[in-house]
There are 2 protein chains.
Amino acid sequence: MIHPLRQHIEEIISLTDEEFDFVLSHFEQIKKRKYQYIVQEGEFVNKEYWIIKGCLKSYFIDDSGKEHILQFGMENWWITDYEAFVKQVKSKTSIDCIEDSELLYITFENREKLTAQMHKMERFWAKKSKIGRIALQNRVLSLLKNSAREQYNLLLEQYPQLLQRVPKKMIAAYLGVSRETLSRLNS
Amino acid sequence: MIHPLRQHIEEIISLTDEEFDFVLSHFEQIKKRKYQYIVQEGEFVNKEYWIIKGCLKSYFIDDSGKEHILQFGMENWWITDYEAFVKQVKSKTSIDCIEDSELLYITFENREKLTAQMHKMERFWAKKSKIGRIALQNRVLSLLKNSAREQYNLLLEQYPQLLQRVPKKMIAAYLGVSRETLSRLNS
């Protein structure tokens with residue numbers, strides 16, 4: 001059976017068996033239970049995670065105590081606080097597991113080593129980073145338009161199974177709307 | 001005198017004279033006058049621009065006719081509609097010159113060729129893409145918090161000379177606030 005990470009990487013670049021083994025040797029695998037966190041606001045972040053199985057949310061709590069969800073993560077998604085990870089500064093967001101999750105992670109140092117040695121992996125992550133940037137650009141556009149409907153559609157496009165997997169109140173926290181507004185969007 | 005693009009690239013990676021000449025041979029230079037556009041909503045986008053001199057805005061007009069500014073661009077910034085450029089789809093945004101501008105551009109095909117041949121340039125753009133993603137993540141966070149003050153500070157951090165160079169009404173269109181609110185932030 002092909003390793004799911006290999007399958008995922010080979011959507012963008014192709015790897016020999018040796019190359020994939022080399023890539024994989026830079027990762028560690030961990031399990032987290034529902035409610036456990038992988039990133040905490042105010043801490044340094046040295047790992048980028050790839051989700052084998054499970055569901056996570058990246059969020060922050062505003063001064064009034066309200067939760068805002070920046071993004072969800074499910075199978076085959078990469079997740080971390082990118083500002084903290086890339087610039088080696090403290091995280092502005094937290095990331096928690098919404099379900100029991102199995103993750104692979106790569107440390108900052110290993111990612112630097114791997115991309116410096118393997119142009120292909122630099123290319124792979126460059127592509128992933130562009131895709132992440134585009135997703136955020138679309139999020140900004142829909143936030144500026146202030147259209148909950150558009151954000152809702154964007155969300156379901158990105159994560160089709162999401163409604164089956166996460167509580168309605170989290171969808172509302174992502175959209176920045178009340179549960180009542182969400183029910184209208186949902187109908 | 002060192003070419004400004006070389007200076008810019010060498011903030012991240014170092015290049016020999018031959019390498020820089022090779023990189024530069026993939027670019028073309030153009031001049032645009034104030035009010036001219038480089039990207040129009042609804043069109044395909046085949047170029048990424050680097051700003052030698054001048055000031056531009058990336059924006060869209062919502063259904064009610066209101067302008068929302070996604071980002072500004074000034075000297076040493078890269079600008080295009082990244083979704084349209086990377087996915088080769090039609091642009092959701094327009095990009096106009098706010099001042100007479102001198103630009104370098106690289107086509108999609110030349111960028112693909114250059115990054116495939118030169119790991120260093122792949123690395124350079126990967127880093128730039130990460131930085132762009134982080135800027136957008138911070139924009140999303142401040143939009144979610146709905147704090148005009150925070151967005152205003154973020155804007156001045158990104159573009160310190162901006163207030164001297166662009167009309168107040170554009171700053172307001174970036175922040176999504178009225179000119180009256182802007183005056184309060186400004187004081």
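Is Arg6(B) buried or exposed at 16% relative accessibility? Arg6(B) counts as buried, because its relative accessibility of 16% falls under the 20% limit. The answer refers to a predicted model, and this report describes its salt bridges and the interface of chain A and chain B.

**The salt bridge of Arg6(B)**

Arg6(B) is joined to Asp17(B) by a salt bridge whose closest N and O atoms are 2.7 Å apart. The pair links distant parts of the chain, with Arg6(B) in helix α1 (residues 4-9) of chain B and Asp17(B) in helix α2 (residues 17-24) of chain B, 11 residues apart. Unlike the buried Arg6(B), Asp17(B) counts as partly exposed, at 45% relative accessibility. In chain A, a network of salt bridges links Arg6(A), Glu10(A) and Asp17(A).

**The interface of chain A and chain B**

The contact draws 38 residues from chain A and 37 residues from chain B. The size of an interface is often expressed as the accessible area that is lost when the parts come together. Here, chain A and chain B bury about 3900 Å² between them. Of this area, 65% is on carbon and sulfur atoms. On the side of chain A, the residues that lose the most area to chain B are Arg133(A), Gln137(A) and Leu144(A), which together account for 19% of what that side buries.

Polar pairing is also present: 17 residue pairs are in polar contact across the interface of chain A and chain B, with both residues at pLDDT 80 or more. Several elements of chain A each supply at least two residues of the side that touches chain B, namely β5 (67-73), α3 (82-87), α4 (108-117) and α5 (119-145). The element that gives the most to this side is α5(A), with 20 residues. By residue type, the side of chain A that touches chain B divides into 15 nonpolar, 8 polar and 15 charged residues.

**Salt bridges**

The structure holds 24 salt bridges over all chains, and 4 salt bridges are found across the interface of chain A and chain B. The table lists examples from within and between the chains.

| Residue pair | Closest N and O atoms |
|---|---|
| Arg123(A) and Glu122(B) | 2.5 Å |
| Arg123(A) and Glu112(B) | 3.0 Å |
| Glu150(A) and Lys145(A) | 3.4 Å |
| Arg6(B) and Asp17(B) | 2.7 Å |

Arg123(A) appears with two partners, Glu122(B) and Glu112(B). The salt bridge of Arg123(A) with Glu112(B) joins two chains, because Arg123(A) lies in helix α5 of chain A and Glu112(B) in helix α4 (residues 108-117) of chain B. Arg123(A) is partly exposed, with a relative accessible area of 23%, and Glu112(B) is likewise partly exposed, with a relative accessible area of 28%.

The salt bridge of Glu150(A) and Lys145(A) has both of its residues in chain A. Glu150(A) is partly exposed, with a relative accessible area of 31%, while Lys145(A) counts as partly exposed at 36% relative accessibility.

**An annotated span of chain A**

An unreviewed UniProt entry places the feature "domain: Cyclic nucleotide-binding" at residues 33-114 of chain A. In the model, this span is 16% helix and 44% strand. The end C-alpha atoms of residues 33-114 of chain A lie 29 Å apart.

Terms used: Residues are numbered from 1 along each chain as its sequence is written. Chains are lettered from A and ligands numbered from 1 in the order in which they are written. This is a predicted model: local features need pLDDT of at least 70, side-chain atom pairs count only at pLDDT 80 or more; totals for chains, interfaces and linings use all residues. Side-chain values use heavy atoms; hydrogens and water are left out. Contact means heavy atoms within 4.5 Å. Buried area is the accessible area (1.4 Å probe) that two parts lose on being put together, summed over both. A salt bridge is a side-chain nitrogen of Lys or Arg within 4 Å of a carboxyl oxygen of Asp or Glu. A polar contact is a pair of N or O atoms within 3.5 Å; within protein, one must be able to donate a hydrogen and the other to accept it, and residues adjacent in sequence count only if both atoms are side-chain atoms. Helices (H or I, at least four residues) and strands (E, at least two) are DSSP runs, numbered from the N terminus. Ala, Val, Leu, Ile, Met, Phe, Trp, Tyr, Cys and Pro count as nonpolar, Asp, Glu, Lys and Arg as charged, and the others, Gly among them, as polar. UniProt positions are given in the numbering used here, feature names are shortened, and annotations may be inferred rather than shown by experiment. Buried means under 20% relative accessible area, exposed over 50%, partly exposed in between (1.4 Å probe, protein chains only).
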